[in-house]
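This report describes one helix and its surroundings, and then turns to the nonpolar cores.

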Amino acid sequence: MLTAEVERQAPSFGEVRERFIQLHVRENCKDVRNYISRLKKFSQFDAREVTDISRRDIFNVLDELRAKGNGASVNRTLANIRKLFNWALDRGYVEVNPISNARAIVKEVPRDRVLTDNELGRIWVAAEAEGFPFGPLVQMLILTGQRRSEVGGMRWSDVDFSRGVWTIAADQAKNGCAHEVPLAESALAITRLAPNFLGSDYVFTTTGRSPISGYGRLKKRLDIASGVANWRLHDLRRTTATGLAKLGTAPHIIEAVLNHKSGIVSGVAATYNRYAYAEEKRASLECWSDHVEKVSAQSVLHQMA
């Protein structure tokens, strides 16, 4: 009788979370580190049976996060914990998902912040002063327009210096599609100057074992050094896209640079058009690099005046 009761006992929330991380998150999700970090917000429930976690329990945690000013990231946390319970439901760990159909906690307003040339130049100069590894990383964000997670995870084995191309593998790209990024001479120079840690494949690292972290502290230092306010690192990607458009780059080339698979070229056209626009992307990014060099030089002259 006791054996049957033990067999019927539900696993703890902590056990289910770790199984979910190993069997789903690590195998299917791109932003693994942040996904795990968000799930850890519920670690106070680790010792409790997973079937004992209520909707109120979960929203108590989410409301506390919202009160601390975490904003839209609370919506990501809600989505992640809901996915965990859906996964647990499919596998019979729970009979019901306690937060199914839960609405987003924060109304998200799409950002439209684009840095001016003056602001971009000041951030470039501040990044120059920051030094390795964060300074060159920020400059690569500006020059390539790629996502922070992709630039941060850049690997030496993915850079072809002879062709001047950085390949973002499908398992590293946010949209799961492999992507070739032509590197302008300035971007190649930044990569060549990065120290190569013995036995490490990461370009931007301080340990050799993993990509860098601590972006929040970096952002605060850049704010102080540049004097630019109300911006995020992801705004650099939007600024690059907007800058390419101002320089005359066609919308479908901008999408190719950013590795966007929905928008200008989509549907049947996207299915049959397999042209990679490699030369067009290179020409656009080289033109953008020249522009960034110009605005950063102007920023230096302004500071010296």
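## Helix 10 and the nonpolar cores

In this predicted model, the face of helix 10 that is turned away from its buried side carries Arg217, Lys220 and Ile224, which are exposed. The buried residues of helix 10 are Tyr215, Leu218, Lys219, Leu222 and Ser226. These buried residues lie on the same side of helix 10, because they cover an arc of only 100° around the axis. Their cover includes helix 6 (117–130), helix 7 (134–144) and helix 8 (148–152).

The length of helix 10 (residues 215–226) is consistent with its residue count: at 1.5 Å a residue, its 12 residues should span 16 Å, and the end C-alpha atoms are 16 Å apart, so the two agree. Gly227 follows helix 10 and has a positive phi, near 75°.

The nonpolar cores are summarised below.

| Core | Size | Residues |
|---|---|---|
| Largest nonpolar core | 45 residues | Most contacts inside it: Val138, Ile142, Leu183 and Leu236 |
| Second, separate core | 29 residues | Including Leu39, Phe45, Ile81 and Phe85 |

For the largest nonpolar core, the elements that give two or more residues are helix 6, helix 7, strand 2 (165–168), helix 9 (185–193), helix 10, helix 11 (235–246), helix 12 (251–258) and helix 14 (278–304). Helix 7 provides the largest share of this core, with seven residues.

Ile142 is one of the residues with the most contacts inside the largest core. When its neighbours within four places in sequence are left aside, Ile142 is in contact with Leu120, Ile123, Trp124, Leu236, Thr240, Trp288 and Val292.

Key: Residues numbered from 1 in each chain as written. Predicted model: local features only at pLDDT ≥ 70, side-chain atom pairs only at ≥ 80, totals over all residues. Heavy atoms only, no water. Helix = DSSP H or I, 4+ residues; strand = E, 2+ residues; numbered from the N terminus. Expected span 1.5 Å × (residues − 1). Buried < 20%, exposed > 50% of the residue type's maximum accessible area, 1.4 Å probe, protein only. Arc of directions from axis to C-beta. Contact = heavy atoms within 4.5 Å. Core = buried A, V, L, I, M, F, W, Y, C linked by side-chain atoms within 4.5 Å.
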